There are 2 protein chains.
Amino acid sequence: METRELRYFVAVAEELNFGRAAERLGIAQPPLSRAIAQLEHRLGVELLTRTSRRVSLTDAGEVLLEEGRAILGAVAAAERRTRAAAADRPSLVVAAKAGSSGEVLAKLLDAYANEPGAVTVELLLCESNTHVPLLDGRADVALLHEPYDPTTGLDVEVLGTEGQVAVMQAAHPLAGRSPLRMADVSDLPELARWPRSDGTYPDGAGAAVRNLTQLFQLIELGRAVAVLPEVARNGLAEGLVAVPVVDAPQVTTVIAWPPHSRSRALADLVRVATGFS
Amino acid sequence: METRELRYFVAVAEELNFGRAAERLGIAQPPLSRAIAQLEHRLGVELLTRTSRRVSLTDAGEVLLEEGRAILGAVAAAERRTRAAAADRPSLVVAAKAGSSGEVLAKLLDAYANEPGAVTVELLLCESNTHVPLLDGRADVALLHEPYDPTTGLDVEVLGTEGQVAVMQAAHPLAGRSPLRMADVSDLPELARWPRSDGTYPDGAGAAVRNLTQLFQLIELGRAVAVLPEVARNGLAEGLVAVPVVDAPQVTTVIAWPPHSRSRALADLVRVATGFS
DNA sequence: GGCAGCGATACCCGGCCGGTATGGATACCG
DNA sequence: CGGTATCCATACCGGCCGGGTATCGCTGCC
């Protein structure tokens, strides 16, 4: 199985439409049809059911889609890491969610910079899906928040745990009540909705947001309420309040990296990070 | 980067000889040279340094070798799992080291067979490197022993922990002393040597063994001594003794599976396994 | 029933992969 | 010190395959 075949199959499986997939791949539709047919023939497995009107995935196709995405990510990662290893000046790329864990990050970078043998550290600030750059090799290490960021297939060390608070306008009806429970906020029409890992939004009435800047703007306008880790209390804007949500899941901040990583710099960074837990 | 290029590069990187690598790949040497040169050109990175007499890996080459092996394993796994998903009768393949953990395994398989919705379970008995079939998709789940089996990149649940004993002839000079320390046995000329993951043996004087049958035969002949998990006491042959080694690392038996696994059958098996810890 | 959308088929062309032959460099040996 | 064996690179050629265009056949839908 060649990566070209996997790229083609993943495109078709995601679009569920040969024409659009071909366009996305920058080739014509007939060679794509043929490539998929060849792949199915070589595997001896039917991956897609085509009624000449609608394309859908078989069970085997679902499996190959998942595996294929992982492989394509690994290939991209391999290329990036190989090039990075050839660069004479070694460096570490740290992925983190913009806005969140700013203090932990600052402390970590300061502490690491004082290490003997510290290398250049680049920051990769993400809006969401902070784990993705780790999987495709754009980052060497990431700060993630369980249970919101997926960590399967990654090595992790726990840095800390905290509860969550509901952030809202001081004038909000719930602002006076304390403590809150999840049931109090989960039905709010203005509860913020975050994108899923595929970029789509879950159904619901609340505001669809993509990053913390958007979110706080909407909260200040009274158009949104959000449940966030406790650190969000720090530097809260005028007119906003944070109310503890006692039964919200605990948020665990972890430092994560791809398995098999053997870089000295990464090991140092992780050691420093876990040192001041 | 195509998997063909990765296969070629991994072959050359492992053989460090274009001729032998080409032979192993079943192609002639010149196309292989060209393919590697093209790969280097496209990556913009020198992967191998060739003096027309000796080939060696650059730092970037080392990285790509490691990543490439993982990718090729993942590709093989994807093919196997896709085919398995197409088979109408689902089944689970469990990898385990032959001879070791026999009781745990028997209990586990019995308990799982009584589960509602249990699927057929196949056993894949390995001599060593039990984790490999997990990485290349020949197995869905494995029983591993930390710290001897690598578990990076796998999801694991701990099943149990035990100490280790030194197994030797009853006539051995150390047989009377109890307890032993690692220092007592680590210098023994007849201490058994196990293969590393690449199949080569570490240097040393002891007997080179590949599986437990060989090992016990050599121990009975007085040609070997081995440090093994405590379960090895059970059913020890006549004339052999097991002496506790107090400072040997604790052996943890874990059940491990590839991350992202979403099969119902696997989840059931893991639940059953952790249930009777 | 006509039409639009979509995948499959037919056929052609060019590039690339793989082959053989050979050159050039280096270590080894007499 | 020259000969030779070894090993990788280069040169060149042929066939296969991936990609293109044109077109057909099927299926919902107005």
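This passage describes the pairing of chains A and B and the protein surface near DNA strand D. The model is predicted, so that local features need pLDDT of at least 70 and side-chain atom pairs count only at pLDDT 80 or more, while totals for chains, interfaces and linings use all residues. Residues are numbered from 1 along each chain as its sequence is written, and chains are lettered from A and ligands numbered from 1 in the order in which they are written.

A turn of 180° with a shift of 0.0 Å along the axis lays chain B on chain A with an RMSD of 0.1 Å (least-squares superposition on the C-alpha atoms of residues with pLDDT of at least 70 in both copies). The two copies are therefore related as by a two-fold rotation axis. The same surface serves both, as 100% of the contact residues of chain B recur in chain A (contact: C-beta atoms, placed from the backbone, within 7 Å).

The contact takes 32 residues from each of chains A and B. On the chain B side, helix 1 (3-15) and helix 4 (59-86) each supply at least two residues (helices are DSSP runs of H or I, at least four residues, numbered from the N terminus). Helix 4 of chain B gives the most, with 19 residues. By class, this side of chain B has 15 nonpolar, seven polar and ten charged residues (nonpolar: Ala, Val, Leu, Ile, Met, Phe, Trp, Tyr, Cys and Pro; charged: Asp, Glu, Lys and Arg; polar: the others, Gly among them).

Around DNA strand D there are 19 residues, of which Ile27(A), Ala28(A), Phe18(B), Pro30(B) and Ser33(B) come nearest (near: C-beta atom, placed from the backbone, within 6 Å of the strand). Helix 3 (29-43) of chain A, and helix 2 (18-25) and helix 3 (29-43) of chain B, each supply at least two residues of this surface. Helix 3 of chain B has the largest share, five residues. The surface near DNA strand D comprises nine nonpolar, seven polar and three charged residues.

Definitions and conventions
Two residues are in contact if their C-beta atoms, placed from the backbone, lie within 7 Å.
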